Amino acid sequence: MPSDTVSAADALTLLPLPKFNALSQDQVRGIACIWDGVPLSTATAVDLGERRVKQFGQHTSWFPRACRPCALKQAMAALVDHGQSCEQCIDDHNLCTTGLGLVRAVREARR
Ligand SMILES: [Zn+2]
Ligand SMILES: [Zn+2]
């Protein structure tokens with residue numbers, strides 16, 4: 001199964017994010033990187049997919065964005081982390097959708 005079976009948007013939703021409540025307004029609005037706060041433009045931003053967050057007691061959709069270096073670093077870290085703890089990946093990583101998704105996330109962040 002090629003890793004293209006996992007969509008780019010799905011792949012990037014696999015990355016763990018910083019705590020929503022600890023972020024600045026700009027980070028929440030998607031105009032600053034959620035990891036290091038670097039200002040983003042449409043050209044430099046990586047969309048991390050739709051997330052569900054609880055705000056003021058209500059669940060809402062949130063579309064966090066990051067700069068490319070951070071997204072790549074986080075995707076690589078998540079991939080290494082996952083690979084070390086997932087039996088399916090150690091056995092045959094082509095059968096693990098999470099593993100494939102993270103490989104895809106690294107590729108997307110590298111673009
Ligand atoms: Zn960043
Ligand atoms: Zn796995």
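Trainee: Which residues are the protein donors of the zinc ion (ligand 2)?

Mentor: Keep in mind that this is a predicted model. In it, the zinc ion (ligand 2) is held by His 82 through NE2 and by Cys 86, Cys 89 and Cys 96 through SG, lying 2.0 to 2.3 Å from the ion.

Trainee: And how are those donor residues spaced in sequence?

Mentor: The pattern is H-x3-C-x2-C-x6-C.

Trainee: Why is the arrangement around the zinc ion tetrahedral?

Mentor: Look at the angles: the 4 donor atoms subtend 101 to 118 degrees, and tetrahedral calls for all angles between 85 and 135 degrees, so the site qualifies. For reference, the ideal angle for four tetrahedral donors is 109.5 degrees.

Trainee: What about Cys 86, buried or exposed?

Mentor: Cys 86 is buried, because its relative accessible area is 12% and the cut-off for buried is under 20%. Cys 89 is buried too, at 14% relative accessibility.

Trainee: OK, switching to aromatics. How many aromatic pairs are there?

Mentor: The count is 1 aromatic pair. It's Phe 20 with Trp 62: the ring centres are 4.7 Å apart and the planes sit at 80 degrees, so the pair is edge-to-face.

Trainee: Where in the chain do Phe 20 and Trp 62 come from?

Mentor: From distant parts, 42 residues apart. Phe 20 is in the loop between helix 1 (8-12) and helix 2 (25-29), while Trp 62 belongs to strand 3 (residues 58-62).

Trainee: Is Trp 62 buried or exposed?

Mentor: Buried, with Trp 62 at 6% relative accessibility. Its partner Phe 20 is buried as well, at 14%.

Technical notes: Residues are numbered from 1 along each chain as its sequence is written. Chains are lettered from A and ligands numbered from 1 in the order in which they are written. This is a predicted model: local features need pLDDT of at least 70, side-chain atom pairs count only at pLDDT 80 or more; totals for chains, interfaces and linings use all residues. Side-chain values use heavy atoms; hydrogens and water are left out. Donors are N, O and S atoms within 2.8 Å of the metal (3.2 Å for Na, K and Ca); water is not among the atoms, so sites may look incomplete. Four donors count as tetrahedral if all angles lie between 85 and 135 degrees; four count as square planar and six as octahedral if opposite donors are over 155 degrees apart and all others between 65 and 115; anything else is irregular. Buried means under 20% relative accessible area, exposed over 50%, partly exposed in between (1.4 Å probe, protein chains only). Rings of Phe, Tyr and Trp (its six-membered ring) pair if their centres lie within 6.5 Å; planes under 30 degrees apart count as stacked, over 60 as edge-to-face and the rest as tilted. Helices (H or I, at least four residues) and strands (E, at least two) are DSSP runs, numbered from the N terminus.
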